[in-house]
Amino acid sequence: MGENPLYEKACAFADRILDMSDFLLTPAQHNQPYLTNGGKLHVKGRSYPKFSVEVCVKQIARSDTSIAANIAEGQGVQSRADLTNKLSVAYKEAHETEYWLQRLKNRKVLTAKQYDSMDDDLQELIKMLVASLNTLKNGRKQSQ
């Protein structure tokens, strides 16, 4: 898809969330610790999936993968307005992902350290989306 830092960041974060989701929804006896972006995800005393955790994990996987998917769709649009729309949807999905990440922290599925690491990546992605949307908005005003 060419070199697109926003897309690359969104895909890397989606892979991280999918790794976490696979780990949390796989019965404990089948899990081996694995590396995710340089760190291991460990859940002490794990007895997942519980219904509420399963709901959160499935929702975060859906919302997060939608970020990269919308950015990818934006690469094939035919107008600046279409691109703005796709990036706006990605931005909204990023905020939904933020919500579900917080739920996983509050359910004590993620430690504070794990949450902080993932949230740092997500906040960087949100800043990149905001910058891209601002560039599109400012470019539109200049051309009018």
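Let me start with E54 and K58, which both lie in helix α2, four residues apart, about one turn of the helix. In this predicted model, E54 forms a salt bridge with K58, and the closest N and O atoms are 2.8 Å apart. As a general point, an α-helix has 3.6 residues a turn, so residues three or four places apart point the same way. On accessibility, E54 has a relative accessible area of 26% and is partly exposed. K58 is partly exposed as well, with a relative accessible area of 47%.

A search of the whole structure finds seven salt bridges, and two others deserve your attention. One of them pairs R16 with D121, with the closest N and O atoms 2.6 Å apart. This pair links distant parts of the chain, since R16 sits in helix α1 and D121 in helix α4, 105 residues apart. Are these two residues buried or exposed? R16 is buried, and D121 is buried too.

The other pair is E93 with R62, where the closest N and O atoms are 3.5 Å apart. Here too distant parts of the chain are linked: E93 belongs to helix α3 and R62 to helix α2, with their positions 31 residues apart in sequence. E93 counts as buried because its relative accessibility is 13%, under the 20% cut-off. R62, at 37% relative accessibility, counts as partly exposed. I should add that salt bridges sharing partners join K9, R16, D121 and E124 into one network.

Let me turn to helix α3. The helix covers residues 80–106, and at 1.5 Å a residue its 27 residues should span 39 Å; the end C-alpha atoms are 39 Å apart, so expectation and model agree. Which residues of α3 are buried? They are T84, L87, A90, E93, A94, T97, W100, L101 and L104. Just after α3, K108 adopts a positive phi of about 65 degrees.

L104 brings us to the interior. The largest nonpolar core has 31 residues, and those touching the most other members are M20, I67, I71, L104 and L129. Helices α1 (5–25), α2 (51–74), α3 and α4 (112–143) each supply at least two residues of this core. In general terms, nonpolar side chains in soluble globular proteins tend to be buried together. With neighbours within four places in sequence set aside, L104 is in contact with M20, V53, C56, V57, I60, V109 and L110.

C56 leads to the cysteines. C56 counts as buried, at 7% relative accessibility, whereas C11 is partly exposed, with a relative accessible area of 22%. How many disulfides are there? With a disulfide taken as a pair of cysteine sulfur atoms within 2.5 Å, the count comes to zero.

Finally, a word on confidence. The mean pLDDT of the protein is 85, and 79% of its residues reach 70 or more. Where is confidence lowest, and where is it highest? The lowest value falls in strand β1 (residues 35–36), at a mean of 46, and the highest in α3, at 96. Over residues 34–42 the pLDDT is below 50, and this stretch has 20 contacts in the model beyond near neighbours in sequence. Where pLDDT is low, the predicted coordinates should not be read in detail.

Notes:
Residues are numbered from 1 along each chain as its sequence is written. This is a predicted model: local features need pLDDT of at least 70, side-chain atom pairs count only at pLDDT 80 or more; totals for chains, interfaces and linings use all residues. Side-chain values use heavy atoms; hydrogens and water are left out. The expected span of a helix is 1.5 Å times one less than its number of residues. Buried means under 20% relative accessible area, exposed over 50%, partly exposed in between (1.4 Å probe, protein chains only). A nonpolar core is a set of buried Ala, Val, Leu, Ile, Met, Phe, Trp, Tyr and Cys residues joined through side-chain atoms within 4.5 Å. Contact means heavy atoms within 4.5 Å. A salt bridge is a side-chain nitrogen of Lys or Arg within 4 Å of a carboxyl oxygen of Asp or Glu. pLDDT is the predictor's confidence in each residue, from 0 to 100.
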